[in-house]
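Reader: Hello! I am new to this structure, so could you take me slowly through one part of it and explain the terms as you go?

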Amino acid sequence: MKKRENRIETYDRNMRPDEANQDNMKWHSPKMSPFHVSGLAWFAEEGKYRRLPTAPKAVLPAAVDYLANHPAGAQVRFQTDSPSLSVRVKLADKANMFHMPATGQCGVDCYIETSNGLQYCNTTKYDIERTEYDSVLFQDWHSEMRNIVLYLPLYQGVEEIEIGLEENASILPPPDYVTDKKIIIYGTSITQGGCASRPGMAYSNILSRRIPMEFLNLGFSGSGKGEPEVAEVIASIPDPACLVLDYEANCVSTELFQQTLPEFIQIYRSVHPQTKVLVVSKIRYAREHFPNHRELYQTRMECKQFQQSLVHELRSKGDQNIFFIDGSDLLGSDFNECTVDGTHPTDLGFLRMADRLEPIFKSLLLCAVVRSHSVRG
């Protein structure tokens with residue numbers, strides 16, 4: 001009986017939040033050098049953990065404006081020799097989603113560079129009834145310089161975050177990206193990261209560990225519908241390497257999608273005539289092959305054919321930097337096992353998406369970057 005009680009005690013201790021030890025800890029704001037916040041195009045200008053500008057020239061749809069406060073895809077990057085690392089987070093609200101873990105909605109992931117690239121270390125644990133928490137990510141390790149990447153929450157606003165390091169620890173800037181150009185992904189709740197179990201498993205974040213470029217996640221849950229106001233804001237982001245358009249699932253009808261997609265591309269092309277644009281059709285839904293949901297399959301096929309035809313038409317008119325990617329294949333043959341609710345991917349689903357998108361991104365983007373550097377050299 002005593003052995004069983006010890007096992008339960010160990011289990012309970014492992015499941016409890018790890019609150020930061022205040023002794024010998026110095027707290028730092030990521031807004032200060034040498035920390036670097038990436039994934040937020042307006043952070044250097046505004047200092048807010050927000051994905052769109054606070055005062056855009058055109059009025060944004062209310063839902064998009066609200067969801068822009070969720071820093072999906074944002075990363076805090078730095079190097080340190082601190083033997084311990086904690087974070088202190090102030091959220092805009094409590095965890096409140098029924099189909100997404102609080103660790104994904106409101107947590108912070110820690111990744112550390114190894115000889116095999118960035119490797120997962122830990123995720124913050126905290127009382128989900130709270131909006132402010134401290135959490136230990138690692139503690140009492142030996143002192144050596146480590147490259148750290150912290151992924152911020154996917155589905156909750158972050159009013160403030162602080163990094164806790166040991167008092168005498170050194171802090172250095174993170175390694176440079178291979179280019180200053182950015183990969184911008186505009187889309188849906190799936191793009192935003194619903195319903196990853198933790199921030200690092202959103203597909204844009206997985207890709208950011210495999211492709212050494214800055215990723216901007218502009219997925220808006222149920223609200224990114226290709227609005228021209230949003231297109232204008234996205235077109236104002238400087239130095240794009242690529243724009244990914246993956247918002248089909250947010251459109252309430254094929255007709256709306258047929259109306260918004262050409263206009264969105266036209267607005268973007270008026271500012272960035274040569275930037276690569278990837279049009280991605282949506283992933284397969286688990287219910288679409290059941291008799292009562294055949295309309296899901298039919299709508300998806302209509303939208304897919306429209307996107308293929310539009311890209312073909314634009315390429316035939318001379319735009320050789322626009323491409324179509326068939327989202328039907330992104331989850332693999334067992335797509336019906338890759339979601340939490342028939343629609344939103346689990347970590348397995350996001351991993352499948354990243355695995356299939358990675359070679360496409362690398363062939364279109366990294367080769368061009370290497371050639372560009374060679375020419376400059």
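**Around leucine 243**

Author: Not counting residues up to four places away in sequence, leucine 243 touches Ile184, Ile234, Phe264, Tyr268, Thr275, Lys276, Val277 and Leu278, where a contact means heavy atoms within 4.5 Å. This is a predicted model, so local features need pLDDT of at least 70 and side-chain atom pairs pLDDT 80 or more, while totals for chains, interfaces and linings use all residues. Residues are numbered from 1 along each chain as its sequence is written, and side-chain values use heavy atoms, leaving out hydrogens and water.

Leucine 243 sits in strand β13 (residues 240–246). Strands (E, at least two residues) and helices (H or I, at least four) are DSSP runs, numbered from the N terminus. Its relative accessibility is 0%, so leucine 243 counts as buried; that word means under 20% relative accessible area, with exposed over 50% and partly exposed in between (1.4 Å probe, protein chains only).

One of its partners, Ile234, is also among the buried residues of helix α7 (residues 228–235), together with Val230, Ala231, Val233 and Ala235. The cover over these α7 residues includes β13 itself, along with α3 (62–67), β11 (182–187), β12 (214–219) and α8.

Now follow α7 to α8. Two packed helices are described by the angle between their axes and the distance between the axes. For α7 and α8 the angle is about 25° and the axes are 9 Å apart; axes are lines fitted to C-alpha atoms over the stretch in contact, and angles run from 0 to 180 degrees between N-to-C directions. That makes α7 roughly parallel to α8, the word for angles under 35 degrees (over 145 is roughly antiparallel, 65 to 115 roughly perpendicular, the rest oblique). In this contact, Pro228, Ala231, Glu232, Ile234 and Ala235 of α7 meet Glu263, Phe264, Ile267, Tyr268 and Val271 of α8. Eight of these residues are nonpolar, none polar and two charged; Ala, Val, Leu, Ile, Met, Phe, Trp, Tyr, Cys and Pro count as nonpolar, Asp, Glu, Lys and Arg as charged, and the others, Gly among them, as polar. Phe264 and Tyr268, met here on the α8 side, are also partners of leucine 243.

Helix α8 (residues 254–271) packs against α9 too, at about 25° with axes 10 Å apart, so α8 and α9 are roughly parallel to each other.

Finally, leucine 243 and serine 281 are 38 residues apart in sequence and 14 Å apart in space, C-alpha to C-alpha. Serine 281 lies in the loop between β14 (276–280) and α9 (294–316), and its 2% relative accessibility makes it buried as well.
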